[in-house]
Amino acid sequence: MTEELQLTDIQGNIVQAYGRANFIFARYFFLKINDGEKGREFLSCILPSITTAQLWKNISGNLQRPTVTTNIAMSYKGLEALELPLASLNGFPKEFVMGMQLRKDILGDDGVSDPANWDEIWRQDVHVWLSINGQSKETIEERYQLIASYVEQTQGGVEILFGNKGEAGQTDLPYQDASAIFENGKPTAKEHFGYRDGISDPVFQGQNDSSDRVLGRGKLMRDGSWKPLATGEFILGHPDEAMEYPKAPTPANLAKNGTFMVYRKLHENVGSFNKFIEEHGKDYPGGKELLAAKFSGRWRDNGAPVTKVASQEQKDEWDKIFYSEDTTDVQRKKMLTDFNYNDDLSGSKCPLSAHTRRTNPRGSLEFGQDGAFDTPGALTNRRRILRRGLPYGKVDDLTKDDGEHGIVFMALNASIERQFEFVQQQWVNYGNDFKEGNDKEVLLGNHQINPPSKVVHPVDPDSDDAPYFIGRIPRLVETRGGEYFFVPSMTALSMIADGIIDPT
Amino acid sequence: MANTSGKAYALNVLSPIKQSGENDRGYVEQVRTSIQNLGLHEQSPFANIPQTYLARLFILDDVVYESLPGADRIFNFSEILSIFSDKQRRAALPHQEHLKSKYLVFVSNFHGELDDYLEGMWLQEQTFIKTVWQHCVAFDQVNDLISFKEYIYKCQLDTTLFFNGSTDDSLQEQLKGLYVKQELANFAMENQGKSAEQLQQAYQQFISRVQLENLDGPSWKPAQSSLAVEGEAI
């Protein structure tokens, strides 16, 4: 029988994304624990406020949606400060123990993205991540004040860290605000380059109603069908795609139903991006919007996959169906996600350097060698991540890079090294798996001036058209901060709070 | 045995290093020092040895002991017995084996015939060869090309599984190919979108600059470790 997840034990925003339920505002803030005992008291105090996954699947069938959520996670140094036993601490994976800054060579955080250039808050030890999501800024502020009062009660045992940058030029804010981007007064799913984001998040066993959501989002099987990924790819204490338990610390209750989170503040160089697509868009066959779509793998306005919709004419046809009143929501989702790249191995529709193709190649790494692996998606299934971020800041001038705007990127996975770091190192900043040598992914790659980055947009091998070369790619996204966090289950949180974690 | 793959050759040479040493230093440490002091990349002696695709020198100290339980022919009986007694378990472990000597291992993948390669090696890098191999058994009998070849043949171990990481073209052809590929990408980026006439003119200039048929240059150098700064002639 399939395993039923204990949703009341798993923190919220893991099994289902808050963003999908209209929680379009968020505040992230960070704590330092100066005294282990007071830190644990603080945990006990905040525990009843922590939101679980249960929220989305009420036992009685009614959806009781709170107005505000709270979630918590700890860095390795945070777990040390909370005085977890050494034998438990020793069981955590090395990349988590090292933390994001020491992994900069693997992540490609160099030059402007070097930790030395990050926001002030990251120049000190960050112990605890707290996140408040809400449908309004007022409810978030209210919850923030409540938690701040809990912090106050510790009398210095726990402190809120300052040093976040703000939109009005502040450099010493105690929090990082984030929000969906609004267009004509309505929230959108877009980020600051104008792309609709977060479409093909993975689907795994234990999530509800996965039968039609799984198309293009689970794992591709040999017969062309899609199945949910193993729970253990995203939640600890459950078997993963190798039918093993993911590496996790002891005791089992410390790890089970927890996960690892990558938090990254990514600044978007909007001016450079716009200038770049304007300049190349003039000469690009198909124009600026097609070029932008080929950088990402999806058209900017509504996310139409460029591997299926490879020209403006096809896009117009696709839009007609997509926006038709006769089209159901389920059909729309299918239009957005139900595809793989096997009809497009040359990359003439969706280039192999495109963001969505690099970060989730679906079944295409067999490169048409049917049967090369157990299943077409075998090389992809263990490299998936759940994305749970939101944009931050506003863009006032589309021609400028400066200012505070970008994405608070949050990824959840069972192994940061195998999943997030691998994608970042091998698929974003390097192209060998895609037969593209060291060509980087265009949008996220850590492009340098020398040697300059290039990508090639291929054409159908049978056509007489020339491929398009794009050189001197500017660095479009910069890292401004981040850390690796452990997101404990409710059981683990209460055990940590009570100081009863016992690995023996 | 598979010493060759097309025109590519895989050479394995194991030269025993003399026992003991001199001046309080073992010969094996002296060999280690001499290979540690070799230059890297463009400064490597292998950069001067014609047709070298990839070469390695290292010291084989000993074989690795794998303390796995013995596998019986039909059924892993000794493993079952080991549950009852540690003596049984120990008796079932394989014997430890050790090498009689420590070896200097020289591995090279190159283009062409072994005879020609060794000749190029001797002619170009005699000092390097004498420095690195001087403490190996019987190397004192090497004093000219013929005795060097004889020595290498005696120390050669056949390759059983040869995977060549590139084509089997000559080194100059491969380096030229990589150079032209890189230059062609730059040419495309600089000239795409131009009229047919402009493009043809630019292409003629490009062809006369890169000199496709001239393997001696312009090209990448053997063992080149970084790209030339844009616009800089190699």
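How many Å separate the centres of domain 1 of chain B and domain 2 of chain B, taken over C-alpha atoms? The answer is 35 Å, and I should say at the outset that it comes from a predicted model, as does everything else I will describe this morning.

Let me stay with chain B for a moment. Its domain assignment gives domain 1 as 4-63 together with 98-155, and domain 2 as 169-234. Where these two parts meet, 7 residues of domain 1 of chain B are in contact with 10 residues of domain 2 of chain B, and the area buried between them is about 690 Å², with carbon and sulfur atoms giving 53% of that area. On the domain 1 side, the residues that lose the most area to domain 2 are B:E42, B:Q51 and B:Y53, which together account for 57% of what that side buries. As for salt bridges between domain 1 and domain 2 of chain B, the count is 0.

Now to chain A, which is also assigned two stretches-in-pairs: domain 1 covers 7-266 and 481-498, while domain 2 covers 276-382 and 431-478. Taken over C-alpha atoms, the centres of these two domains of chain A are separated by 29 Å, and their contact draws 27 residues from domain 1 and 39 residues from domain 2. The size of an interface is often given as the accessible area lost when the parts come together. For domain 1 and domain 2 of chain A, the buried area is about 2600 Å², and 53% of it is given by carbon and sulfur atoms. In domain 1 of chain A, A:Y195, A:L220 and A:R222 lose the most area to domain 2, together 27% of what that side buries. Across this interface within chain A there are 5 salt bridges.

How do the two chains meet? Here 7 residues of chain B are in contact with 10 residues of chain A, and the two chains bury about 670 Å² between them, 59% of it on carbon and sulfur atoms. Across the interface of chain B and chain A, the number of salt bridges is 0.

Turning to the interior, a search of the whole structure finds 4 cavities of 30 Å³ or more, and the largest cavity holds about 100 Å³ of space. It is lined by 13 residues, of which A:G12, A:N13, A:W129, A:M261 and A:L412 are the closest to its centre. That lining divides into 7 nonpolar, 5 polar and 1 charged, and at least two of its residues are supplied by each of strand 3 (128-134) and strand 13 (405-413) of chain A.

I will finish with some details of the backbone. Most residues other than glycine have a negative phi, and most peptide bonds are trans. In chain A, however, the peptide bond from A:T250 to A:P251 is cis, with omega near 0°, and A:P251 sits in the loop between strand 9 (226-227) and helix 8 (252-255). In chain B, a cis peptide bond joins B:G217 and B:P218, with omega about -5°, and B:P218 is found in the segment after helix 8 (196-210) of that chain. Lastly, A:Q155 is not a glycine and yet has a positive phi of about 50°; this residue, A:Q155, lies in the loop between helix 6 (137-153) and strand 4 (158-160) of chain A.

Key:
Residues numbered from 1 in each chain as written. Chains lettered and ligands numbered in written order. Predicted model: local features only at pLDDT ≥ 70, side-chain atom pairs only at ≥ 80, totals over all residues. Heavy atoms only, no water. 1 Å grid on protein atoms, 1.4 Å probe; cavity = no way out; pocket = protein on both sides within 12 Å on 5 of 7 lines; lining within 4 Å. Points joined across faces, edges and corners; volume = space filled by probe spheres on them. Helix = DSSP H or I, 4+ residues; strand = E, 2+ residues; numbered from the N terminus. Nonpolar A, V, L, I, M, F, W, Y, C, P; charged D, E, K, R; others polar. Domains from an automatic or database assignment. Contact = heavy atoms within 4.5 Å. Buried area = accessible area lost by both parts, 1.4 Å probe. Salt bridge = Lys/Arg side-chain N within 4 Å of Asp/Glu carboxyl O.
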